[in-house]
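Q: Please take one part of this model, look at it closely, and then follow what surrounds it. I would like a connected account rather than a list.

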Amino acid sequence: MSDIPYLAEGPRTAIRPFTYADADEFTARARESRALQRPWLFPPADPDTYAAYASVLIEDPARAGFLVCERGGAAGSAADGAIAGFININNIVMGGFRCGALGYGAFAHAAGRGLMSEALGLVLGHAFGPLGLHRLEANIQPGNAGSIALVRRAGFRLEGLSPDFLFIDGAWRDHERWAITAEMR
């Protein structure tokens with residue numbers, strides 16, 4: 001559990017920035033979640049890769065990283081503040097575009113409990129509020145049913161298919177393009 005203040009809170013989750021001190025918990029959760037996340041996602045699973053990953057989210061103004069933390073447990077309990085997943089906004093462009101690209105993942109202990117849906121709503125409120133964005137995009141491999149269901153529940157619309165869009169796990173993968181704008185919320 002971190003002493004970093006939450007940026008937004010819901011009934012069961014809260015979001016806060018990444019810190020370097022989260023390395024041990026984050027990487028342990030990533031290692032426990034390999035079966036859930038493969039072949040879609042490869043979060044850092046050791047302290048060195050976490051440090052490099054977190055430094056970009058902490059220091060690059062074109063990125064915003066949010067840890068999804070569980071709420072509702074008794075103060076000091078294992079659930080209170082435990083990292084349940086992460087949602088990042090990458091490739092933030094301001095000016096006339098005001099857009100960013102989402103990347104996210106749930107950890108196995110939190111999967112299927114609705115925590116990521118609640119947290120995505122918190123991130124959308126932060127993105128369209130304090131961050132001043134107008135549009136968020138999520139590029140998702142067509143076979144990733146869980147990820148597609150998450151953005152669909154949040155109100156994203158399907159805008160098309162991009163063949164050979166991202167290089168993941170040794171190959172160029174097709175991705176569906178999903179998006180939401182501030183007006184759609």
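A: In what follows, a strand is a DSSP run of type E with at least two residues, and strands, like helices, are numbered from the N terminus. The model is a predicted one, and the part I will follow is strand β5, which spans residues 99–106.

The sheet as a whole sets the context for this strand. Its 8 strands form an open sheet, in the order β1-β2-β3-β4-β5-β6-β8-β7, with mixed pairing. At the edges stand β1 (8–9) and β7 (157–168), each of which pairs on one side only. In general, the strands of a sheet pair through backbone hydrogen bonds, in either a parallel or an antiparallel sense.

In the order of the sheet, β5 stands between β4 and β6. Towards β4 (residues 83–93) the pairing is antiparallel and runs over 7 bridges; Val93 has Cys99 of β5 as its bridge partner, and Asn90 stands opposite Ala101 of the same strand β5. The hairpin that joins β4 and β5 has 5 residues between the strands, and in this hairpin Gly95 takes a positive phi near 70 degrees. Towards β6 the sense is parallel, over 4 bridges, and here Leu102 has Ala138 of β6 as its bridge partner. As for solvent, β5 is mostly covered, with 7 of its 8 residues buried.

The strand also borders the largest pocket, which holds about 1,200 Å³ of space. Of the 41 residues in its lining, those closest to the centre are Trp40, Leu41, Gly103, Tyr104 and Gly105. The elements that give two or more residues to this lining are α2 (34–37), β4, β5, α4 (115–128), β6 (135–140), α5 (145–153) and β7, and β5 gives the most, with 6 residues. By class, the lining divides into 22 nonpolar, 15 polar and 4 charged residues.

Moving across β4, one comes to β3 (64–70), and helix α3 (residues 47–59) lies across both β3 and β4, running at about 55 degrees to β4. Strand β3 is the place of Phe66. The relative accessible area of Phe66 is 2%, and because buried means under 20%, Phe66 counts as buried. Apart from neighbours within four places in sequence, Phe66 is in contact with Leu7, Ile15, Arg16, Phe18, Val123, His126 and Leu131, as well as with Gly85, Phe86, Ile87, Asn88 and Ile89. Thr19 lies 47 residues away from Phe66 along the chain, yet the two C-alpha atoms are separated by 9.8 Å.

At the edge of the sheet, β7 offers a contrasting residue, Gly160, whose place is in that strand. With a relative accessible area of 21%, Gly160 is partly exposed, and, again leaving aside neighbours within four places in sequence, Gly160 is in contact with His175, Glu176 and Arg177. Trp178, 18 residues from Gly160 in sequence, is 7.5 Å away from it in space, C-alpha to C-alpha.

Returning to the chosen part, β5 is thus a mostly covered strand that pairs in the antiparallel sense with β4 and in the parallel sense with β6, while giving the most residues to the lining of the largest pocket.

Definitions and conventions
Residues numbered from 1 in each chain as written. Predicted model: local features only at pLDDT ≥ 70, side-chain atom pairs only at ≥ 80, totals over all residues. Heavy atoms only, no water. Pairing = 2+ DSSP bridges. Contact = heavy atoms within 4.5 Å. Axes fitted to C-alpha atoms, helices over the stretch in contact; angles between N-to-C directions. 1 Å grid on protein atoms, 1.4 Å probe; cavity = no way out; pocket = protein on both sides within 12 Å on 5 of 7 lines; lining within 4 Å. Points joined across faces, edges and corners; volume = space filled by probe spheres on them. Nonpolar A, V, L, I, M, F, W, Y, C, P; charged D, E, K, R; others polar. Buried < 20%, exposed > 50% of the residue type's maximum accessible area, 1.4 Å probe, protein only.
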